[in-house]
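Here's a quick tour for anyone meeting this structure for the first time. Take a look at it below, then we'll walk through a few spots together.

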Amino acid sequence: MCAASNRHPTFKASFAERANNATHPLANYLFRLMELKKSNLCLSADVTSARELLTIADRIGPSIVVLKTHYDLVAGWDFHPQTGTGAKLGALARRHGFLIFEDRKFGDIGSTVQLQYTAGNARIIDWAHIVNVNMIPGKAAVTALQQAAARWRSRVNYEVRTSVSVGTPVSDSFDEEDENPTPAPLPSSKELPPPSNLHNNGRKGSIVSITTLTQSFEPVDSPRFASGIAEGDELVYAGIEEPPWERGLLILAQMSSAGNLITKEYTQACVEAAREHKDFVMGFISQETLNSEQADDFISMTPGCQLPPEGDEDDGNIAGDGLGQQYNTPSKLVGLGGSDIVIVGRGILKAASPQVEAEQYRRKAWKAYQTRIGQQS
Ligand code: 5BU
């Protein structure tokens, strides 16, 4: 663990204080959510069917502030933008108060990661508040993702509804217009062209077609996404507003697996990239806090976390999974290492009662945070 980071002001600061200092809107929101729910727990929802994913998100939602997904291991993922799995997860996130983090680990040239983030069937950016990036390709991947998020953000406030109607005289055919125009941030309704300008000028009615294309641009707020989903999905977690539309990025700066190839220099390069993109990068996937310069206030989220088996002492050492994964306890990761959020998958998912176990993890991780900042519980 890095001693310099342990002396950094964020090590002893409360999440409420860090919310006040946060410049990234989503980081500010997340810190406040953590205080409200008394939770610094992220569930790694590594289940293999959409049904299980939604069930576990609903059950564990009250205990967590972040739900981490690997959408590509989920069978039966429904890609429909309004009623599909992403939208349903979004409704659960609003109801229980958590953010969705797609652990996609982008790692390609800028133009490719932009498309992987915003296009394809999954359209990750539409439903994931947070994603992460591998820094192997260099800083350009971060810049590219930031650009894509900014473009998406500028369009998301408006939804385009296009209706095409054929005026009189009725024709068998009508001029085809683009029925799926790309959403653009035009703030007002527009009729092209007004029907009054489309008289037939004495030509034979039967061959005249009149097309009225109406595009209305409606402000979008999140309840829109709930429409078409099951009843009750419009419910919103009490005590905090809905998350901002700004998307956030985590840089993968350290890994939990044994023998991983990440070096100190590599981690440092990740920190430098984060400092250069503070309005998009919220923090890191790391094994400890990486805040070292005075102005740093990045969130560290840490996978490779488990509690000792029932009855065993918490000496910080937990057996790995036999496939390279190494585990540390919440008290070591949060209390000593200065991590802010622990990411737990199988420790919760494989428990006899995942709900009870998630609460156990939440309490332990929160206690470790309170102890770290010297707060009485
Ligand atoms: P586990 O079941 O708690 O071991 O799951 C850990 C999750 O975190 C899993 O989804 C991994 O893909 C993810 N992970 C990790 O374990 N270690 C890392 O360094 C990174 C991600 Br990056």
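## The ligand and its contacts

One thing to keep in mind: this is a predicted model. Let's start with a polar contact to the ligand: Gln325 has a polar side-chain atom 2.7 Å from one of the ligand's oxygen atoms. Ser44 also brings in its side chain, with a polar atom 3.0 Å from a ligand oxygen. Gly345 uses its backbone instead, placing an N or O atom 2.8 Å from an oxygen atom of the ligand. As for how covered the ligand is, it would expose 500 Å² taken alone, and the protein buries 89% of that.

Who else is around? In total, 16 residues surround the ligand, and the closest are Asp46, Ser256, Gln325, Tyr327 and Arg346. Sorted by class, that shell holds 6 nonpolar, 5 polar and 5 charged residues.

## Asn40, tucked into a loop

Now hop over to Asn40, which sits in the loop that links helix 4 (25-37) to strand 1 (41-44). Is Asn40 buried or exposed? Its relative accessible area is 0%, and buried means under 20%, so Asn40 is buried.

The side chain of Asn40 has polar partners too. It reaches the backbone oxygen of Asp340 at 3.2 Å, and the backbone oxygen of Ala365 also at 3.2 Å. Setting aside residues up to four places away in sequence, Asn40 touches a whole crowd, including Phe15, Met34, Val65, Trp366 and Tyr369.

## Val65, a neighbour of Asn40

Val65, one of the residues touching Asn40, has its own loop, between helix 5 (50-60) and strand 2 (66-69). With a relative accessibility of 0%, Val65 counts as buried as well.

Val65 and Ser39 are 26 residues apart along the chain, yet their C-alpha atoms are separated by 6.4 Å. Ser39 is also among the residues Val65 touches, along with Leu30, Leu33, Gly97, Phe98 and Ile341, among others, once residues up to four places away in sequence are left out.

## Thr85 in helix 6

Last stop: Thr85, found in helix 6 (residues 85-96). Thr85 has a relative accessible area of 3%, so it is buried, since the cut-off is under 20%.

What does the side chain of Thr85 pair with? One of its polar atoms lies 2.8 Å from the backbone nitrogen of Asp78. Leaving aside neighbours within four places in sequence, Thr85 is in contact with Asp78 and also with Ala50, Leu53, Leu54, Gly76 and Trp77.

Definitions and conventions. Residues are numbered from 1 along each chain as its sequence is written. This is a predicted model: local features need pLDDT of at least 70, side-chain atom pairs count only at pLDDT 80 or more; totals for chains, interfaces and linings use all residues. Side-chain values use heavy atoms; hydrogens and water are left out. A residue is near a molecule or strand if one of its heavy atoms lies within 4 Å of it. A polar contact is a pair of N or O atoms within 3.5 Å; within protein, one must be able to donate a hydrogen and the other to accept it, and residues adjacent in sequence count only if both atoms are side-chain atoms. Accessible areas come from the Shrake-Rupley method with a 1.4 Å probe; for residues, only the protein chains shown count as cover. Ala, Val, Leu, Ile, Met, Phe, Trp, Tyr, Cys and Pro count as nonpolar, Asp, Glu, Lys and Arg as charged, and the others, Gly among them, as polar. Helices (H or I, at least four residues) and strands (E, at least two) are DSSP runs, numbered from the N terminus. Buried means under 20% relative accessible area, exposed over 50%, partly exposed in between (1.4 Å probe, protein chains only). Contact means heavy atoms within 4.5 Å.
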